[in-house]
Each structure stands twice: as C-alpha cells, then as structure tokens.
Amino acid sequence: MLSDEKLNFLTQVAKALAGQFGDNCEIVIHKINENNVNNTIVSIENGHVSSRQLGDGPSQVVLEALKKDPADLIDHVNYLTRTHDGRILKSSTVYFKDKSGSLDGIFAINYDITALIAAESTLKSLIAIDEQEDDKEPDYIPQDINELLDDLIEESVKLVGKPVPLMTKDDKIKCIQFLNSKGAFLVTKSGDKVAGFFNISKYTLYSYIDAK
C-alpha cells in the first residue's frame, strides 16, 4: 500500500505540475487497496477537468491495472482519454510499486486539449490535402464508479452486437468474460448489477466467468 512518505512526495509533485501547466491540467493520485477499489483517489489537483474529487473511484485504466500482473505494468505516456461530457484529454499514467513488486499507487496526468483540438481543426481546414482521420476511439474517464461500470457493460454489448433479449448463452458468456477481463467484478456489488442487466442469476454469472 502507498506509504505516507511516497504519497506526500507525489502530492508535492502533483501541485507543482498543476501550478506549472494551469487549470486545464488535472493530476490524480490513486492509492491501490484491493479491498477497496471504489475509493482510490487520495489526491487530485484541478479535479474539475474530469469532475472528480477525493474519495472517488478508479478510471478504466486503473481498473485494468488491478487485473494485471504488476510485473507486466509499463508506464503509459501521451495517450488520449475523454471525459463524461465529451472533452478530450492528453493523458499519462505512471505506476508505482512497493519493495515486493506489488502495485501500490498510480500517478495520472490529464491535460484538457479540447480547445487546442478545435484550433488545430480550424488550421487543418486551411492547409490539409486529403489527410486521413484517425478512427481510434479515445479511452473513457468516468465521473464515478457507477458510470464506469455502466460504460463497461455498454462496451460488452457492443462487442456482441445484439441487445440482451436476443443474446444466446454464448453471447452472454462473451460479455461476462469481457467484463471480467476489464476488472469490472472488482467493483463492489458489480455482480448484482451485471446479473440483473443480463437477466441471469449470480450463480450463472460466476459459472460464465469460469466457462471455457
């Protein structure tokens, strides 16, 4: 678990970066505790960028990190995310581990580049010649843990391409195993919500997770 000494240091760095780059730069520190993944944010600067505050839960990036072997985690620098209200952020995620190699903290930088993209688009319209657009969908930063779970469920349905009433058993297994791979079931009481959404029992839900 993230030590007070390390947290104090990271908080100091966070304040410096937020002060340097201004109100559009959000800095978030997540303290990793597998017994409580619903309230990971222990420090946040300029939380208005993603509408989050102290005590809020993880993003999808954080949740996925909890499902991985800490030895496989590599810092992810300079990628795109988006907020619940559609703004685009330029993000970086740095993983911190304890002496035993276990993940104990995540340091995230999210810079709102929405206005810059609008300006870039205006300039491109003046100088572009048949330039191809990038179709990659930015990762999503939810406002809270419930929104994150809703978004993951929606992703699972898109993966299958059918509404729940038309899904076969295999379709539902595919959805459930996708959710498990994304760390959805680390969220408290997520099993009840997912089982209800797919109209299956909790027992069936767990059998689908382990299905081959």
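This passage walks through the annotated regions, a strand pair, the nonpolar core and the internal cavity of the structure above. The model is a predicted one.

Two stretches of the chain carry a domain annotation, and they make a good starting point. In UniProt, an unreviewed entry gives the feature "domain: YheO-like" to residues 7-120. In the model, this span is 26% helix and 34% strand, and its end C-alpha atoms lie 37 Å apart. Further along the chain, the unreviewed UniProt entry places "domain: Transcriptional regulator DauR-like HTH" at residues 149-210. Here the make-up is 66% helix and 0% strand, with 20 Å between the end C-alpha atoms.

A strand pair comes next. Strand 1 (residues 25-31) and strand 2 run antiparallel and are joined by 4 bridges. Within this pairing, Ile 27 is found opposite Glu 45 of strand 2. How many of the 5 residues of strand 2 are buried? The count is 4, so strand 2 (residues 41-45) is largely enclosed by the rest of the structure.

Attention then turns to the largest nonpolar core, which has 36 residues. Those touching the most other members are Leu 103, Ile 176, Leu 179, Val 194 and Phe 198. Two or more residues each are supplied to this core by helix 2, strand 5, helix 4 (145-160), helix 5 (169-181), helix 6 (190-197) and helix 7 (202-209). Helix 4 provides the largest share, with 7 residues.

The structure also holds some enclosed space. The search found 1 cavity of 30 Å³ or more, and the volume of the largest cavity is about 100 Å³. A total of 14 residues line this cavity, and Ser 59, Val 61, Tyr 79, Asn 110 and Ile 141 are the closest to its centre. Which elements give two or more residues to the lining? They are helix 2 (60-67), strand 3 (76-82), strand 5 (103-112) and strand 6 (139-140). Of these, helix 2 makes the largest contribution to the lining, at 3 residues. Sorted by class, the lining of the largest cavity contains 6 nonpolar, 6 polar and 2 charged residues.

Two elements link these last two parts of the picture. Helix 2 gives two or more residues to the nonpolar core and also gives two or more to the cavity lining. Strand 5 likewise appears among the contributors to the core and among those to the lining of the cavity.

Terms used. Residues numbered from 1 in each chain as written. Predicted model: local features only at pLDDT ≥ 70, side-chain atom pairs only at ≥ 80, totals over all residues. Heavy atoms only, no water. 1 Å grid on protein atoms, 1.4 Å probe; cavity = no way out; pocket = protein on both sides within 12 Å on 5 of 7 lines; lining within 4 Å. Points joined across faces, edges and corners; volume = space filled by probe spheres on them. Nonpolar A, V, L, I, M, F, W, Y, C, P; charged D, E, K, R; others polar. UniProt positions renumbered as here; feature names shortened; annotations may be inferred. Buried < 20%, exposed > 50% of the residue type's maximum accessible area, 1.4 Å probe, protein only. Pairing = 2+ DSSP bridges. Core = buried A, V, L, I, M, F, W, Y, C linked by side-chain atoms within 4.5 Å.
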